[in-house]
Amino acid sequence: MTATLTHPRASAARPTERPATAPDTTTARPHLLLGAVLAVAASLLVQFAAARFPVAEPTRADAVATATTTAALLAALACLALRGRPGLAAYPLLGALPTAILALPLHGTPLYLGGLASDNQFRTQYVTRYAAGAGLADYNFDGLPPLYPPAWFWLTGRAADLAGVEAWTAYKPAAITTMALGTALAHGLWTRIVRPRLALPLAVATLLSAFQAPAFGVHEPYAWLVVAPMPPLAVLAYRALAARRTPRAALLGCGLYLGLASLTYTLLAAFWAFALTVMAATLARRHGPRTQLLRLLTVAGTALPLILVVWGPYLAAALPAGMPRNPALRFIPVQQTSFPLPMTEVSVTGLLCLAGTVWLLARARRDTLARALLLLVGACYLWCLLSQLAVLAGASLLSFRVHPVLFAALYAAGVCAAAAAVRRLREQARPVAVAAVATVLALSVVQNVPVHLREEFDHARGPRPPADLIRTIGQLTGRPPQDLTVLTDQYRLLSGAPFHGYLTAEPVYAHPLADFAGRTEEVRRWSRLDDPAAFTARLDHGPYDAPDVFVLRRTAGAYAIGLGRDNYPHQPNRIALPTRLPAALFAPAAFARRDVGPYTVLVRKEVIHT
């Protein structure tokens, strides 16, 4: 329970009234699991309707439909908040809201925000990998355990296989549904902390933070499952750590969340452990360091079995190899070169974050909710600082990945600040007027989404996996894609079918045990050969398993491929290495060949199934 105080006279005059920041214990708490199911069902229904929008290409009509639908949903949520007890009715509306914001502008394309560009290429490749088989594996390199947490991709891939659809097309509906689910989970957890009337705007604010530049939590929907519940969970975790008696159930819940986060997004799981440590450190003087250490160990012990599902196989393979450096930590985007300060922006969201910051600083001493959120915000900024310092050691903590947590926490604090202001002005501010103003402000944020994400929406209508290349490889080899390793710089090919890749599009995407730099140099070594027999011998006896298939761009007397080298800490983080393999290396006796558009498919004859 928060330590929110009410004026004694007000309490005497209204003995049955509770502070808005206290949970409503007079009614049964909403069933979180059932609410999540309702949110997912509503999201799927809205996506089904959006897919049947009468015009396939983007027009003013779909912009009007998006604005009208989101306005209606926000108005309905405001009406529920005015009732005071939204109950289960809130969940389908909260599931429909993010779906409408995304599904309507994306109608007519099977791709999600960003299309198959940049990170989405390997994300869809991961889904495609698990649609082809349920065993845990690296998304690209054959025979390696996963490094990137596989839970979300595994579930999406298996669902695609069960539904009998192309795996890469499953990414978009899964992503949109995940945004709905994360928002519903945030609402369900907030109802365990504050009254439902306040929990509903907190959930809406959490959702709106996902569309805030430069954080854009909507870019990584699988991370949203970890981000959205984190602010309310931070409040529950702080109360558990601060309790006089050890609350085993709450600590087990924190541990379960840590374990599930480890299966979904390693960096955010590490940040959650860091945030819990920061909370425990602030409480060590009051309750004793031994008590806090034991409580943290309870959390860690609960999470460990889930953590080992992924990290056990990886450590078993990496320890004998000397734990090679993870290239994913050698990346510094522009978002990481400065500290995010949304409270300094001149905008509705900037004002909300500023109000939230002031409220956190003013209330932290006497309100556990404010104190917990302030510690979470402080942990975000401390993580950013440590990430900046890590650059000096040749690495990074990828602090820009915790920015969505920061925005979600500040948005939640802003809503609490607004609620406190309304309580002070309750005689002058009618609830209906407050709800109307809040709805208009929320709608203003939603209507800016297409502007902020215009490039991502445009990319969603970009190139798709090259079906002609996939079909040609199948015809030439007679083998299923998962049995073949391909060398190419047409990486959308790997999103469309579960081929293994000899290389990845970017060094930072590569598995530490794959030796990306060594593989790149091996291809460059091939380019310096001029004897087909020497080339074949090198493929057979080289340091890495050779590609079965080459998909290369034709040039005069050679085949071209774009390679890359790590350029950390400079920008861009990848140095392009244009490379040409002499056409003479691919002797007709050893390779089957077929031209497809500007590309040539070259298959080693020894892998052709006869």
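Helices and strands are here runs assigned by DSSP and numbered from the N terminus, a helix having at least four residues and a strand at least two. With that in hand, His511 can be placed in the loop between β2 (500–501) and α22 (516–527). The model is a predicted one, and every value that follows is computed from it.

His511 is a useful place to begin. Because buried means under 20% relative accessible area, His511, at 2% relative accessibility, counts as buried. Its side chain has two polar partners in the backbone: the side chain of His511 reaches the oxygen of Pro145 at 2.8 Å, and it also reaches the backbone nitrogen of Leu513 at 3.1 Å. When neighbours within four places in sequence are left aside, the residues in contact with His511 are Asp138, Phe141, Leu144, Pro145, Pro146, Leu147 and Tyr314.

Two of these contacts of His511, Leu147 and Tyr314, lead on to the nonpolar interior, for they are among the members of a separate second core of six residues, which also includes Leu263 and Ala318. The largest nonpolar core has 174 residues, and within it Tyr112, Phe271, Trp272, Phe550 and Phe586 touch the most other members. Helix α16 (residues 403–424) gives this core its largest share, 13 residues. Phe550 shows what such a position looks like, since, not counting residues up to four places away in sequence, Phe550 touches Leu487, Trp526, Phe535, Leu539, Phe586, Phe591, Thr600, Val601 and Leu602.

Another histidine can be followed in the same manner. His187 has its place in helix α7 (residues 167–190), and at 1% relative accessibility this residue counts as buried. Beyond its neighbours within four places in sequence, His187 is in contact with Ala90, Tyr91, Leu94, Ala199, Leu200 and Ala203.

From these residues the reader may turn to charged pairs. Side chains of opposite charge can pair when their charged atoms come close. The structure holds 16 salt bridges, and one of them joins Arg401 to Asp119, with the closest N and O atoms 3.4 Å apart. Arg401 lies in the loop between α15 (368–390) and α16, while Asp119 lies in helix α5 (residues 119–132), so this pair ties together parts that are 282 residues apart in sequence. Both partners, Arg401 and Asp119, are buried.

Two further salt bridges involve residues of other surroundings. The side chains of Arg538 and Glu522 meet at 2.7 Å, taken from N to O. Arg538 belongs to helix α23 (residues 532–541) and Glu522 to helix α22, so the salt bridge ties together parts that are 16 residues apart in sequence. The two partners are covered to unlike degrees: Arg538 is partly exposed, with a relative accessible area of 29%, whereas Glu522 is buried, with a relative accessible area of 2%. Some salt bridges share partners, and in this way Asp119, Arg123, Glu220 and Arg401 are joined into one network. In the other pair, the side chains of Arg528 and Glu521 meet in a salt bridge at 3.0 Å, N to O. Here Arg528 is exposed, with a relative accessible area of 54%, and Glu521 is partly exposed, with a relative accessible area of 32%.

At the surface there is also a nonpolar patch of about 640 Å², made by Phe339, Leu341, Leu382, Leu385, Leu386, Leu389 and Leu392. Phe339 is found in the loop between α13 (289–318) and α14 (348–363), and this residue is partly exposed, with a relative accessible area of 38%.

The loop between α13 and α14 also holds Met323, a residue other than glycine whose phi is positive, near 50°. At 38% relative accessibility, Met323 counts as partly exposed. Leu398, too, is a residue other than glycine with a positive phi, near 50°. Leu398 has its place in the loop between α15 and α16, the loop in which Arg401 lies, and at 11% relative accessibility Leu398 counts as buried.

Note on methods. Residues are numbered from 1 along each chain as its sequence is written. This is a predicted model: local features need pLDDT of at least 70, side-chain atom pairs count only at pLDDT 80 or more; totals for chains, interfaces and linings use all residues. Side-chain values use heavy atoms; hydrogens and water are left out. Patches are made of residues with over 30% relative accessible area and no salt bridge: like charges are joined within 9 Å, nonpolar side chains (Val, Leu, Ile, Met, Phe, Trp, Tyr) within 5 Å. Accessible areas come from the Shrake-Rupley method with a 1.4 Å probe; for residues, only the protein chains shown count as cover. A salt bridge is a side-chain nitrogen of Lys or Arg within 4 Å of a carboxyl oxygen of Asp or Glu. Buried means under 20% relative accessible area, exposed over 50%, partly exposed in between (1.4 Å probe, protein chains only). Contact means heavy atoms within 4.5 Å. A nonpolar core is a set of buried Ala, Val, Leu, Ile, Met, Phe, Trp, Tyr and Cys residues joined through side-chain atoms within 4.5 Å. A polar contact is a pair of N or O atoms within 3.5 Å; within protein, one must be able to donate a hydrogen and the other to accept it, and residues adjacent in sequence count only if both atoms are side-chain atoms.
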